[in-house]
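Work through the exercises below with the sequence and the 3D structure open. Try each task before reading its solution.

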Amino acid sequence: SDVGSSDLLQHLYDTSGFLINLVSELLDVSVIESGKMELDREKTDLVELIEKNVRLNRFVADRKEISLDFQTELERAEASVDRDKIQLVLNNLISNAIKYSKAKTKVTVSLLEREDQYLVSVRDEGQGIKPEEMNRLFKAFQRTSAEPTAGEKSTGLGLFIAKGIIENHNGTISAESEYGKGSVFTVT
């Protein structure tokens, strides 16, 4: 039937997208592990970059009835970064927050300036992470017991790649979580 064909095509499309993403992430992992990540730094307005990523992820958040907001008192936040790679980190953190959150909850992205650093935080009201699983977060192929709330797929590589990118920018990435109440991921 037509419905069967349509479902099959959608499944093939979703699967091929996941496999392309997996290959791309595996290539990123090999670069990180080789210690030869090259950064194409340029002056970038982090306010504009975060706004763009929030806009891109709002469609998925809306489909799950999740409120996605960006909060900052800064008009501009100029930093010399590899724009594409920082965008990859932002997208990973924001999409993860949406992926692991239930409907009718909030995801809040914030940007602060502290001394000579910018702090980007992504806070959710999702499942949270068990204390004994926190040490798995930034390791390749390590997954926690938290499950995506709408059957989304995960490679278990995103946070490992984010950590590699941020550390190559001489920054830090960390997580705090209260199991059952949500998590906050912070990048400096």
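Two residues are in contact when heavy atoms of theirs lie within 4.5 Å. The model used here is predicted.

**Exercise 1. Contacts of one helix residue**

Task: State which residues Asn 92 touches, not counting residues up to four places away in sequence, and decide whether Asn 92 is buried or exposed.

Solution. Start with the location: Asn 92 is part of helix α3. Next, apply the contact rule, leaving out residues up to four places away in sequence; Asn 92 then touches Gly 158 and Leu 159. Last, take the relative accessibility of Asn 92, which is 13%. Buried means under 20%, so Asn 92 counts as buried.

**Exercise 2. The chain as a whole**

Task: Give the number of helices and strands in the protein chain, their order along the sequence, and the share of buried residues.

Solution. The protein chain contains 4 helices and 7 strands. Along the sequence they follow the pattern α-β-α-β-β-α-β-β-α-β-β. The protein chain has 188 residues, and 40% of them are buried. As a further step, consider the contacts with a separation of 6 or more: residues 24 or more positions apart account for 73% of these.

**Exercise 3. Strand β5 and its partners**

Task: Describe how β5 pairs with β4 and with β7, and say how many of the residues of β5 are buried.

Solution. Begin with β4, residues 106-114, which is joined to β5 by 8 bridges; the two strands run antiparallel. Within this pairing, Leu 112 stands opposite Leu 119 of β5. β4 and β5 form a hairpin with 2 residues between the strands, and there Glu 115 has a positive phi near 50 degrees.

Turn to β7. β5 and β7 are also antiparallel, and 4 bridges link them. Here Ser 121 is the residue opposite Thr 186 in β7.

Now count burial: 6 of the 8 residues of β5 are buried, so β5 is largely enclosed by the rest of the structure.

**Exercise 4. A serine in β4**

Task: Find which residues Ser 110 touches, not counting residues up to four places away in sequence, and how far apart the C-alpha atoms of Ser 110 and Ser 121 are.

Solution. Ser 110 belongs to strand β4. Its relative accessible area is 19%, so Ser 110 is buried. Not counting residues up to four places away in sequence, Ser 110 touches Phe 70, Gln 71, Leu 119, Val 120 and Ser 121. Ser 110 and Ser 121 are 11 residues apart along the chain, and their C-alpha atoms are separated by 5.2 Å.

**Exercise 5. An aromatic pair**

Task: Determine how many aromatic pairs there are and why the pair of Phe 138 and Phe 185 ties together parts of the chain.

Solution. Ring centres must lie within 6.5 Å to pair, and planes over 60 degrees apart count as edge-to-face. By this rule there is 1 aromatic pair. The pair consists of Phe 138 and Phe 185, with 6.3 Å centre to centre and 75 degrees between the planes, and is edge-to-face. Phe 138 lies in the loop between β5 and α4, while Phe 185 lies in strand β7, so the pair ties together parts that are 47 residues apart in sequence. Phe 138 and Phe 185 are both buried.

**Exercise 6. Positive phi in two loops**

Task: Locate Lys 104 and Asn 170, and decide whether Lys 104 and Asn 170 are buried or exposed.

Solution. Most residues other than glycine have a negative phi. Lys 104 has a positive phi near 60 degrees. Lys 104 sits in the loop between α3 and β4, and with 63% relative accessibility Lys 104 counts as exposed. Asn 170 also has a positive phi, near 60 degrees. Asn 170 is in the loop between α4 and β6; at 71% relative accessibility, Asn 170 is exposed.

**Exercise 7. The second largest pocket**

Task: Give the volume of the second largest pocket and describe its lining.

Solution. The space in the second largest pocket is about 380 Å³. Its lining has 21 residues, and Leu 46, Val 81, Tyr 118, Val 187 and Thr 188 lie nearest its centre. By type, the lining divides into 12 nonpolar, 7 polar and 2 charged residues. α2, β3, α3 and β5 each supply at least two residues. α3 gives the most, with 4 residues.

Conventions:
Residues are numbered from 1 along each chain as its sequence is written. This is a predicted model: local features need pLDDT of at least 70, side-chain atom pairs count only at pLDDT 80 or more; totals for chains, interfaces and linings use all residues. Side-chain values use heavy atoms; hydrogens and water are left out. Rings of Phe, Tyr and Trp (its six-membered ring) pair if their centres lie within 6.5 Å; planes under 30 degrees apart count as stacked, over 60 as edge-to-face and the rest as tilted. Buried means under 20% relative accessible area, exposed over 50%, partly exposed in between (1.4 Å probe, protein chains only). Two strands pair if DSSP finds at least two bridges between them. On a 1 Å grid over the protein atoms alone, a cavity is a set of points where a 1.4 Å probe fits but cannot get out, and a pocket is an open set with protein on both sides within 12 Å along at least five of seven lines; lining residues have an atom within 4 Å of a point. Grid points are joined across faces, edges and corners, and a volume is the space filled by probe spheres set on the points. Ala, Val, Leu, Ile, Met, Phe, Trp, Tyr, Cys and Pro count as nonpolar, Asp, Glu, Lys and Arg as charged, and the others, Gly among them, as polar.
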